[in-house]
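Let us walk through this structure by way of its charged side chains. Keep the sequence and the 3D view side by side.

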Amino acid sequence: MVSDRHIKSLVEKGNDAIRNEAWDEGSKIFNELCEIFPENPSALTNYSLCLMYSSNYTKAKEILDRVEKLTPLSITVNHNRGICLYLERDLDKALESFKKCLRIDKDHEESWLMCAKILRDKKDYSDAIGILHNIIKKNPKVDFLIELSITHIGNNEFEQAENILKKILDVKPDNKPAREILIKLYKRIPGKESLALEFEEGR
């Protein structure tokens, strides 16, 4: 019989592994927990997460299937399956997984964001931009604004991207992703290369 102390230790170590992105270590820990509790949705979900970020996509999806049988209509299961498929670059199936999340909760921001990313990857920039604008209306997070700027750049809408990035840096001058993207953008725009140097010097 496994002691409560050992189980508690495994949970703590597993959570630490996830926080530290030590995916291989986390996989071993949560695999052991799943052998002890084969029908525990939390342990199984964390195991699938570690497998997914260890690039063991097939096994991760198998575990997610087990979780789905225990917790039907789970946003977490469908979202994680979508991430897994996205990392595999199976964009159409990934998009369907995120749409399934949105059928469960139409306001699930992270699923909307992933839909936008997938559409951007498929070069459907107009729909991706529309989704991002809708998300930002409800929650103007910097991360969402950065994704919008990246999408505008993909669609060769450099002025729109520049305006977004400058607004971010006006409010958060230390935002490294926005600064890096703006520097790369200026290097692409004829006549604005000197601005890239100014931003590089101001790092």
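A residue counts as buried when its relative accessible area is under 20%, and as exposed when that area is over 50%. E147 has 13% relative accessibility, so it counts as buried.

The model is predicted. The mean pLDDT of the protein chain is 94, and 99% of its residues reach 70 or more. Confidence peaks in helix 7 (residues 109-121), at a mean of 98. It is lowest in helix 12 (residues 193-201), at 80.

Now turn to the charges. Side chains of opposite charge can pair when their charged atoms come close. The structure holds 14 salt bridges.

Buried E147 is a partner in one of them. It forms a salt bridge with K117, with the closest N and O atoms 3.7 Å apart. K117 sits in helix 7 and E147 in helix 9 (residues 142-154), so this pair links distant parts of the chain, 30 residues apart.

D107 and K138 also meet in a salt bridge, at 3.2 Å from N to O. D107 lies in the loop between helix 6 and helix 7, while K138 lies in helix 8, so the pair ties together parts that are 31 residues apart in sequence. D107 is partly exposed, at 41%. K138 is exposed, at 65%.

The bridge between D16 and R19 is local. Its closest N and O atoms are 2.2 Å apart. Both residues belong to helix 1 (residues 4-19), three residues apart, so about one helical turn separates them. D16 is partly exposed, at 35%, and R19 is exposed, at 60%.

Key: Residues are numbered from 1 along each chain as its sequence is written. Side-chain values use heavy atoms; hydrogens and water are left out. pLDDT is the predictor's confidence in each residue, from 0 to 100. Helices (H or I, at least four residues) and strands (E, at least two) are DSSP runs, numbered from the N terminus. A salt bridge is a side-chain nitrogen of Lys or Arg within 4 Å of a carboxyl oxygen of Asp or Glu. Buried means under 20% relative accessible area, exposed over 50%, partly exposed in between (1.4 Å probe, protein chains only).
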